[in-house]
Amino acid sequence: MHKEIICINCPIGCHLDIELDDQGNFISVSGNLCPKGKEYAIKEMTAPVRTLTTTIRIEYGQYPLVSVRSDKPLPKDSLFDVMDIIDHTIKKAPIKIGDILISNILGLEVNIIATSNNPLK
């Protein structure tokens, strides 16, 4: 079985052709112009991760929301569960860039941190 993906490690955006066996196990990759492409393809096929960016609701702040992101990539299959927690989270102002708003979310050793300020009204 073949799968095609585009590498996102650099601006070149190599088109990678990944060969998998019948059980979905990695066999080979081609189309990468550097070793990072092969590493990316293997990781994407075996344990894909994503950095999450979203917003969290804020009480008593100048704005009703603050932008946030995960401080490390999260397993792709955990994103909906993480978003469910974030959707039910309300924090109080003031918020500063870099504040940890949710620590160790789902026990994944990933924090959700503020990427903007939100001072008191």
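What share of the 121 residues in the protein is buried? Let us start there and work through a few exercises on this predicted model.

**Exercise 1. Find the share of buried residues, then describe the overall dimensions and contacts of the protein.**

Step 1. Buried residues make up 31% of the 121 residues.

Step 2. Turn to the radius of gyration: the protein has 19 Å, whereas a compact globule of 121 residues would have a value near 14 Å.

Step 3. Add the box along the principal axes, which the C-alpha atoms fill at roughly 55 × 30 × 20 Å.

Step 4. Now look at contacts with a sequence separation of 6 or more: 48% of them are accounted for by residues 24 or more positions apart.

Step 5. One pair makes a handy ruler. Asp81 and His15 lie 66 residues apart along the chain, and their C-alpha atoms are separated by 31 Å. Asp81 belongs to helix H2 and is partly exposed, at 48% relative accessibility.

**Exercise 2. List the secondary structure in chain order and lay out the sheet that contains E1.**

Step 1. Count the elements: the protein has two helices and 10 strands.

Step 2. Read them from the N terminus on, and the pattern is β-β-β-α-β-β-β-β-α-β-β-β.

Step 3. Strands E1, E2 and E3 form an open sheet in the order E1-E2-E3, and the pairing is antiparallel.

Step 4. Which strands stand at the edges? They are E1 (2-6) and E3 (26-30); each has a single partner strand, so one side of each is left without a neighbour in the sheet.

Step 5. For the twist, ignore direction: neighbouring strands of this sheet are turned by 25° against each other on average.

Step 6. Zoom in on the pairing of E2 (residues 15-20) with E3, where four bridges join the antiparallel strands. Ile18 has Val29 in E3 as its bridge partner.

**Exercise 3. Identify the largest nonpolar core and the elements that build it.**

Step 1. How many residues does the largest nonpolar core have? The count is 17, and the residues with the most contacts inside this core are Ile56, Val66, Leu74, Ile86, Leu101, Ile105 and Ile112.

Step 2. Assign the core to elements. Two or more residues each come from strand E5 (53-59), strand E6 (65-70), helix H2 (79-87), strand E9 (100-102) and strand E10 (112-114). H2 gives the largest share, three residues.

Step 3. Take Ile86 as a worked case. Setting aside neighbours within four places in sequence, Ile86 is in contact with Leu52, Thr54, Thr55, Ile56, Ile102, Ile105 and Ile112.

Step 4. Do not stop at one core: a second, separate core has nine residues, including Ile18, Leu20, Val29 and Tyr40. Two of these names should be familiar from the sheet exercise, as Ile18 and Val29 are bridge partners.

**Exercise 4. Decide whether Cys10 and Cys34 are bonded or unbonded.**

Step 1. Recall the chemistry: a disulfide is a covalent bond between the sulfur atoms of two cysteines.

Step 2. Set the cut-off: the two sulfur atoms must be within 2.5 Å.

Step 3. Check the distance. The closest cysteine sulfur to that of Cys10 is in Cys34, 5.6 Å away, which is too far for a bond. Cys34 is likewise in no disulfide, with the sulfur of Cys10 as its nearest.

Step 4. Conclude with the total, which is zero disulfides.

Step 5. For the surroundings, Cys10 is partly exposed at 31% relative accessibility, and Cys34 is partly exposed at 32%.

**Exercise 5. Pick out backbone geometry that deserves a second look.**

Step 1. Begin with the background: most residues other than glycine have a negative phi, and most peptide bonds are trans.

Step 2. Where is the cis peptide bond? Such a bond joins Ala93 and Pro94, with omega about 5°. Pro94 is in the loop between strand E8 (90-92) and E9.

Step 3. Search for positive phi. Leu106 has phi near 55°, and Glu109 has phi near 60°.

Step 4. Place them on the chain: Leu106 is in the loop between E9 and E10, and Glu109 is in the loop between E9 and E10 too.

Step 5. Finish with accessibility. Leu106, with a relative accessible area of 43%, is partly exposed, while Glu109, with 58%, is exposed. The cut-off explains these labels, because exposed means over 50%.

Technical notes:
Residues are numbered from 1 along each chain as its sequence is written. This is a predicted model: local features need pLDDT of at least 70, side-chain atom pairs count only at pLDDT 80 or more; totals for chains, interfaces and linings use all residues. Side-chain values use heavy atoms; hydrogens and water are left out. Buried means under 20% relative accessible area, exposed over 50%, partly exposed in between (1.4 Å probe, protein chains only). A nonpolar core is a set of buried Ala, Val, Leu, Ile, Met, Phe, Trp, Tyr and Cys residues joined through side-chain atoms within 4.5 Å. Contact means heavy atoms within 4.5 Å. Two strands pair if DSSP finds at least two bridges between them. Axes are lines fitted to C-alpha atoms, for helices over the stretch in contact, and angles run from 0 to 180 degrees between N-to-C directions. The radius of gyration is taken over C-alpha atoms; the globule rule is 2.2 Å times the number of residues to the power 0.38.
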